[in-house]
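Biologist: I have the sequence and the structure open side by side. Can we go through the packing and the pockets?
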Amino acid sequence: MASFISLTRSIHFQPVCLIKPPSLRPRFPFYPRLPLKSRPCPLWSSSFSLCLLRTRNPINRTHLAPSRPSVRSFCASPLSDVAEMAEIDTNPLLNDFDFPPFDSIQAEHVRPGIRALLKQSESDLAELERTVEPTWPKLVEPLERLIDRMAVVWGAVSHLKAVKDNADLRSAIEEVQPEKVAFELKLGQSKPIYNAFKAIRESPDWEKLSDARKRIVEAQIKEAVLNGVALEDDKREEFNKIEQELAKLSQKFGENVLDSTKKFEKLITDKKDIEGLPATALGLGAQTAVTKGHENATTENGPWIITLDAPSFMAVMQHAKNRTLREEVYRAYISRASSGDLDNTAIIDQILKLRLEKAKLLGYNNYAEVSMASKMATVNKAEELLEKLRSASWNSAVQDMEDLKAFSKSQGAPEADDLNHWDTSFWSERLRESKYEINEEELRPYFSLPKVMDGLFSLANKLFGITVEPADGLAPVWINDVRFYRVKASSGNPIAYFYFDPYSRPSEKRGGAWMDEVVSRSRVMSRDGSSPRLPVAHMVCNQMPPVGDKPSLMTFREVETVFHEFGHALQHMLTKQDEGLVAGIRNVEWDAVELPSQFMENWCYHRDTLMSIGKHYETGESIPDAIYKKLLAARTFRAGSLSLRQLRFATLDLELHTKYVPGGSESIFHVDRRVSEKTQVLPPLPEDKFLCSFSHIFAGGYAAGYYSYKWAEVLSADAFSAFEDAGLNDDKAVKETGNRFRETVLALGGGKAPLEVFVEFRGREPSPEALLRHNGLLQVA
């Protein structure tokens with residue numbers, strides 16, 4: 001297969017803003033990016049109470065000096081002039097804090113807090129526009145301070161909406177969001193700021209700037225144009241109306257998905273109806289029933305409640321012998337947010353219509369071109385990669401289905417000649433058990449969350465020379481299950497912190513898994529005037545919570561998810577960029593940002609790593625070597641089918657944002673069926689409306705960007721192959737290669753173009769060979 005670079009050779013690498021969902025902020029490169037989601041398939045996703053540590057406490061100031069984020073320190077000028085309106089001393093959003101006061105923020109604080117910050121930000125922007133000069137101290141530094149303040153506070157509010165959603169919080173955010181979007185548009189379209197950046201770009205001192213500073217300047221110029229700065233007054237007004245409406249629509253889309261997901265509850269009282277479900281799933285079902293008023297529910301005798309949250313949904317699809325139950329749950333899942341008051345169909349059409357209008361205003365043919373303007377790829381190159389991977393996966397996927405039919409027939413299944421979507425996961429799990437003698441549920445006792453995290457941190461120490469230690473109590477959290485960690489360099493000095501919220505809470509927490517920044521590393525935001533502010537991240541998952549006295553026992557897939565999100569967090573936390581606007585995940589092209597996360601997943605199949613995380617929660621014995629070998633052999637099981645599934649979503653995303661005509665003769669669901677003809681061996685049901693819950697592209701940052709998962713998969717597999725080449729059993733070589741990965745991919749952040757970063761690490765341009773080899777598709781290709 002041709003070198004990956006043949007797909008990208010003609011691409012012009014532009015600095016970018018990592019796109020935030022419209023509901024959170026417009027295209028402006030200073031803002032933190034969208035929470036990075038793991039396991040993007042819609043099948044898996046709807047797409048931290050401790051005392052507040054005040055900086056006015058001299059003990060805390062000494063303890064955290066280099067790294068403490070403080071709202072007051074973010075301000076370009078004091079907040080005292082809005083103290084009366086916002087009641088600074090009582091509103092936690094406006095108080096001086098070390099870490100966001102997640103335990104104190106309530107819906108009632110959002111309106112006055114955000115409005116106070118907006119008023120101050122308006123004043124700061126006016127002052128900056130009046131005094132701006134094309135120099136770093138007079139342009140970039142005050143701008144970063146201005147943006148950072150709102151980013152941290154709004155980020156905390158948005159985070160709480162994702163993990164502790166409630167009607168009052170929704171209402172408060174919905175009310176102030178238009179005001180915040182209006183300010184961000186004003187900032188993004190500031191001609192004095194735009195002209196100052198252009199003046200830096202055109203100055204004779206341009207070549208003296210560091211690579212990172214050049215990337216910042218180029219990003220601002222590119223993003224200002226994409227933000228409408230060059231539009232005439234009437235067109236700019238139209239553009240701004242579109243941005244406001246897109247923000248409302250995207251927020252409503254996500255709320256409908258969450259509400260429709262938690263709306264479905266299936267009460268089961270007869271154990272025969274859920275025969276085949278493992279004890280962990282029965283325990284979860286009974287635990288859910290208790291929270292719904294069935295106080296005497298037990299694992300053994302029920303009753304049990306089935307929901308559409310991933311742990312419950314997947315248990316039914318993979319293990320329930322009751323085919324009627326599987327069908328009912330599957331149909332409910334693929335029809336989420338597609339009817340009644342929660343119907344997202346019209347919202348999707350309006351989003352696509354407005355995105356196309358926005359693209360036309362900016363001089364592009366379609367929204368995909370707007371999206372690609374700030375990515376590694378072009379539309380053509382993305383389509384070319386997807387087609388290469390599709391053709392390499394198709395025959396293997398066809399064979400997967402034939403194998404499933406033959407196996408189910410051999411087991412006497414009446415449905416063998418007419419397998420449907422609610423059968424494939426069930427019979428795939430039975431075939432995998434038969435072929436590899438691996439039962440996913442029987443592996444759970446070996447993957448308890450505490451042991452998995454210990455092994456993950458041990459791997460990070462081996463590869464990158466860092467130490468991760470518990471720091472619970474140092475920062476306020478939003479729920480007691482949340483853990484807080486400190487990351488130390490080999491010198492013993494703290495370099496970062498992160499929160500981890502692992503468990504599913506379907507009544508209040510968004511589905512899926514993601515990582516996002518709380519604050520970024522920054523020289524400008526230094527607390528002591530010399531050391532850069534240290535980065536803080538949060539990781540969020542949705543795995544099965546502890547049941548009774550048992551710890552959270554994880555599936556192997558959930559283990560991979562934790563490794564994935566930690567990979568994102570590592571890029572944020574181990575950055576060595578002191579320029580805050582390109583530190584960590586900031587300004588990394590969207591289609592390269594999944595590299596570290598997908599890279600970390602590969603270590604789940606490394607023997608020493610698996611043995612370190614796979615220890616029985618009761619006996620402490622390591623996972624048997626025979627099981628490890630079976631896991632390794634099963635790695636490519638149904639790889640063609642799984643690949644095609646992701647390719648369906650990526651291809652559909654591009655199709656809707658390039659060729660689809662909103663309001664035309666073809667509906668969004670017709671487009672899905674047309675795309676599925678080439679990407680699904682088993683066609684979707686006529687009533688399949690998964691698009692109505694495809695949050696990644698309608699309530700997230702993946703619009704015309706879902707292909708990024710596959711694009712970055714090429715990069716991540718090739719990066720891991722560097723460790724294979726060095727010798728995975730050679731500790732010295734692994735440490736040396738790990739250090740090189742840290743000093744390039746993890747350290748350089750968005751301060752250097754991702755292709756240059758990759759070549760600096762790998763010594764050559766990327767190739768898709770490793771990805772196809774890892775997936776067992778190389779010979780097919």
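Modeller: Let's begin with a term: rings of Phe, Tyr and Trp (its six-membered ring) pair if their centres lie within 6.5 Å. This is a predicted model.

Biologist: How many aromatic pairs does the structure hold?

Modeller: There are 40 aromatic pairs. One of them joins Phe253 and Phe698, with 5.5 Å centre to centre and 45 degrees between the planes, which makes the pair tilted.

Biologist: Which helices do Phe253 and Phe698 lie in?

Modeller: Phe253 is in helix H10 and Phe698 in helix H26, so the pair ties together parts that are 445 residues apart in sequence. Both Phe253 and Phe698 are buried.

Biologist: And Phe407 with Trp427, what kind of aromatic pair do they form?

Modeller: Phe407 and Trp427 are edge-to-face, with 6.2 Å centre to centre and 70 degrees between the planes. Here Phe407 belongs to helix H16 and Trp427 to helix H17, so the parts tied together are 20 residues apart in sequence.

Biologist: Are Phe407 and Trp427 buried or exposed?

Modeller: Buried means under 20% relative accessible area. Phe407 has 12% relative accessibility, so Phe407 counts as buried. Trp427 has 9%, so Trp427 counts as buried too.

Biologist: Which residues do ring pairs link into a cluster?

Modeller: The cluster consists of Phe464, Phe599, Trp603, Phe720, Phe723, Phe741 and Phe761, linked by ring pairs. Phe741 is also one of the buried residues of helix H28, which covers residues 731–746. Others buried in H28 include Ala733, Val734, Thr737, Gly738 and Arg742.

Biologist: What covers the buried residues of H28?

Modeller: The cover includes helix H19 (449–464), helix H20 (556–573), helix H21 (595–601), helix H27 (708–726) and helix H29 (754–762). Strand S6 (494–503) is part of the cover as well.

Biologist: Switching to H12. How many residues of H12 are buried?

Modeller: 10 of the 10 residues of H12 are buried, so H12 is largely enclosed by the rest of the structure. Among them are Pro311, Phe313, Met314, Gln318 and His319.

Biologist: What do the buried residues of H12 pack against?

Modeller: They pack against helices H11, H13 (323–334), H17 (421–436) and H18 (440–443). Strands S3 (304–306) and S8 (536–543) also pack against the buried residues of H12.

Biologist: Gln543 caught my eye. Where does Gln543 lie?

Modeller: Gln543 is in strand S8. The relative accessible area of Gln543 is 2%, so Gln543 is buried. The side chains of Gln543 and Ser552 are joined by a polar contact of 3.2 Å. Leaving aside neighbours within four places in sequence, Gln543 is in contact with residues including Pro311, Leu449, Ser504, Met554 and Glu558.

Biologist: Same exercise for Asp688. Where does Asp688 lie?

Modeller: Asp688 sits in the loop between H25 and helix H26 (695–698). With a relative accessible area of 3%, Asp688 is buried. A polar atom of the Asp688 side chain lies 2.9 Å from the backbone nitrogen of Phe690. Not counting residues up to four places away in sequence, Asp688 touches Tyr330, Ile334, Arg648, Phe669 and Arg673.

Biologist: Now the pockets. How much space lies in the largest pocket?

Modeller: The largest pocket holds about 500 Å³. It is lined by 21 residues, of which Thr288, Thr291, Ser504, Arg505 and Pro506 are the closest to its centre. Helices H10 (233–263), H11 (279–291) and H12 (310–319) are the elements that give two or more residues to the lining. The largest share is from H11, with four residues.

Biologist: How does that lining divide into nonpolar, polar and charged?

Modeller: The lining of the largest pocket has seven nonpolar, eight polar and six charged residues.

Biologist: And what volume does the second largest pocket have?

Modeller: The second largest pocket has about 310 Å³. Its lining has 13 residues, and Glu387, Thr651, Glu655, Val675 and Lys678 lie nearest its centre. The elements giving two or more residues to that lining are helices H16 (379–410), H24 (639–656) and H25 (668–679). H25 gives the largest share, five residues.

Biologist: How does the lining of the second largest pocket divide?

Modeller: The lining of the second largest pocket divides into four nonpolar, two polar and seven charged residues.

Note on methods
Residues numbered from 1 in each chain as written. Predicted model: local features only at pLDDT ≥ 70, side-chain atom pairs only at ≥ 80, totals over all residues. Heavy atoms only, no water. Buried < 20%, exposed > 50% of the residue type's maximum accessible area, 1.4 Å probe, protein only. Contact = heavy atoms within 4.5 Å. 1 Å grid on protein atoms, 1.4 Å probe; cavity = no way out; pocket = protein on both sides within 12 Å on 5 of 7 lines; lining within 4 Å. Points joined across faces, edges and corners; volume = space filled by probe spheres on them. Nonpolar A, V, L, I, M, F, W, Y, C, P; charged D, E, K, R; others polar. Polar contact = N/O pair within 3.5 Å; in protein donor to acceptor, adjacent residues only side chain to side chain. Phe/Tyr/Trp six-rings, centres within 6.5 Å; stacked < 30°, edge-to-face > 60°.
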